[in-house]
Amino acid sequence: MNKKVILNVESVYTSNAFMIDGKAYVGAGSETTPAVYLHDIATGESDLVAGCPGGVMSFVPVPGNPDVFFSIMGLFPGFQGLEAGVFMHRRTNGTWETKRAMHLPFAHRCDIVTVDGKNYLFGVSCSKHKDDIPDWTRAGEIYVMELDAEGNPSEPVLVDNTVFRNHGMLKMDGKLYISGQEGIFRLELEGGKWQMVKVFGNEVSEFGFVDLDGDGQLEMATIEPFHGENMKIYKNVNGSWEEKFNHTISFGHGLSCGVFNGEPIVVVGNRRGTFTLDVIKAKDFAAGEFTVEQIEQEAGPTQTQVFTVDGTDYILSANQKKNEVALYTK
């Protein structure tokens with residue numbers, strides 16, 4: 001496994017790869033400092049996004065608007081997030097302008113889905129309010145904002161406020177999924193209103209989908225429970241998810257799935273204990289045999305992503321314990 005450190009960011013949390021006008025970028029930001037960067041993978045150049053408060057949890061581009069981005073900022077370590085929210089970042093002639101788009105206490109994730117040519121921005125909080133770190137007595141909130149042609153958001157509309165420890169978010173095949181104490185849900189627009197469709201019933205911190213056994217059907221990988229000690233793999237059998245593998249982790253974080261070097265993989269981080277970045281492959285899926293490879297030590301990953309650009313497969317990881325954003329290739 002070859003490794004390249006593309007950014008050094010103190011207390012890095014966010015790392016997200018995406019395409020803009022046919023070019024691959026990584027957006028990365030700090031959990032503590034105002035450091036937020038847009039990194040061009042091909043050229044190696046990085047642009048510092050100005051005006052950010054720090055506490056960055058997400059950073060995503062607006063489809064069709066190459067100079068407009070949204071983020072979650074203001075959620076600092078220890079769930080200090082009363083002033084958190086959704087922020088808008090616009091670049092004009094190389095100059096960045098950052099402004100708050102929505103005040104959302106304890107905001108934790110955001111992403112954008114496109115339906116019938118319209119872009120919808122979702123902002124999600126892990127809890128409506130927290131009196132202290134152990135307090136999880138209030139459910140999180142999910143809001144949606146429709147974006148106009150210039151990327152400006154409408155007034156936020158509450159979609160749901162029933163999921164506790166609302167932590168995971170995944171965009172796959174144009175659909176948005178979230179997870180929490182009540183399970184995994186898919187968001188669908190029906191009759192002009194967004195609905196929550198339940199996909200899985202266990203408490204899930206993060207999750208991903210990939211075809212591990214080559215039968216054309218997606219298996220599901222999860223971290224259970226919230227920031228949990230179990231990374232599980234399930235197969236859907238006659239409409240029910242059956243557990244096939246359980247990998248012990250410590251403060252599980254940064255789960256992602258994809259194809260790397262021709263093999264389907266699951267990537268997961270340990271933010272405590274070993275602090276390793278682990279890659280799981282199916283050796284003999286039917287027999288329940290899997291391999292676990294530790295590709296980074298003392299990393300404490302917070303976010304990972306498996307993606308492909310111009311025929312090259314990458315594993316992206318925000319190695320918080322090393323204050324680095326790294327790309328791994330075969």
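# A walk through the predicted model

At 8% relative accessibility, F200 counts as buried, and this phenylalanine makes a good place to begin our tour of what is a predicted model. F200 sits in strand β17, which covers residues 193–200. Let us look at what surrounds the residue. Setting aside neighbours within four places in sequence, F200 is in contact with E182, G183, I184, M220, T222, E224, Y234 and W241. A further partner to look at is F185: 15 residues separate F200 from F185 along the chain, and their C-alpha atoms are 7.2 Å apart.

One name in that contact list, E224, takes us to the next stop. The peptide bond from E224 to P225 is cis, with omega near -15°. As a reminder, most residues other than glycine have a negative phi, and most peptide bonds are trans. P225 belongs to the loop between β19 (219–224) and β20 (230–237).

H227 is found in the loop between β19 and β20 as well. Is H227 buried or exposed? With a relative accessibility of 11%, H227 counts as buried, because the cut-off for that class is under 20%. Beyond residues up to four places away in sequence, H227 touches F79, H167, S205, F251, G252 and H253.

From H227 we can step straight into a pocket. The second largest pocket has 17 lining residues, and those nearest its centre are E31, G78, F79, H227 and R271. Its volume is about 230 Å³. By class, the lining of this second largest pocket divides into ten nonpolar, five polar and two charged residues.

And the largest pocket? About 1100 Å³ is its volume. Its lining is made up of 49 residues, with N16, D111, L170, K171 and Q305 lying nearest the centre. The lining of the largest pocket comprises 27 nonpolar, 15 polar and seven charged residues.

K171, one of the residues nearest the centre of the largest pocket, also shows up among the contacts of I112. I112 lies in strand β10, residues 107–115, and is buried, with a relative accessible area of 1%. Not counting residues up to four places away in sequence, I112 touches V60, P61, V62, P63, F70, N119, Y120, L121, L147 and K171. I112 can also be paired with M145: the two are 33 residues apart in sequence, with a C-alpha to C-alpha distance of 9.4 Å.

Now for the cysteines. How many disulfides does the structure hold? The count is zero. A disulfide is a covalent bond between the sulfur atoms of two cysteines. Take C110 as an example: the closest cysteine sulfur to its own is in C52, 12 Å away, so the two are too far apart for a bond. C110 is buried, with a relative accessible area of 2%. C257 is buried too, at a relative accessible area of 17%.

Strand β4, residues 36–40, brings us to D40. D40 counts as buried, with a relative accessibility of 6%. What does the side chain of D40 reach? The answer is the backbone nitrogen of A42, at 2.9 Å. When neighbours within four places in sequence are left aside, the contacts of D40 are K23, A24, Y25 and E45.

Two loop residues round off the tour with their backbone angles. R165 has a phi near 50°, a positive value in a residue other than glycine. R165 is placed in the loop between β13 (157–160) and β14 (168–172). With a relative accessible area of 25%, R165 is partly exposed, because that class lies between the 20% and 50% cut-offs. D310 likewise has a positive phi, about 50°, although D310 is not a glycine. The loop between β26 (301–309) and β27 (312–319) holds D310. D310 counts as exposed at 80% relative accessibility, because exposed means over 50%.

Notes
Residues are numbered from 1 along each chain as its sequence is written. This is a predicted model: local features need pLDDT of at least 70, side-chain atom pairs count only at pLDDT 80 or more; totals for chains, interfaces and linings use all residues. Side-chain values use heavy atoms; hydrogens and water are left out. Helices (H or I, at least four residues) and strands (E, at least two) are DSSP runs, numbered from the N terminus. Buried means under 20% relative accessible area, exposed over 50%, partly exposed in between (1.4 Å probe, protein chains only). On a 1 Å grid over the protein atoms alone, a cavity is a set of points where a 1.4 Å probe fits but cannot get out, and a pocket is an open set with protein on both sides within 12 Å along at least five of seven lines; lining residues have an atom within 4 Å of a point. Grid points are joined across faces, edges and corners, and a volume is the space filled by probe spheres set on the points. Ala, Val, Leu, Ile, Met, Phe, Trp, Tyr, Cys and Pro count as nonpolar, Asp, Glu, Lys and Arg as charged, and the others, Gly among them, as polar. A polar contact is a pair of N or O atoms within 3.5 Å; within protein, one must be able to donate a hydrogen and the other to accept it, and residues adjacent in sequence count only if both atoms are side-chain atoms. Contact means heavy atoms within 4.5 Å. A disulfide is a pair of cysteine sulfur atoms within 2.5 Å.
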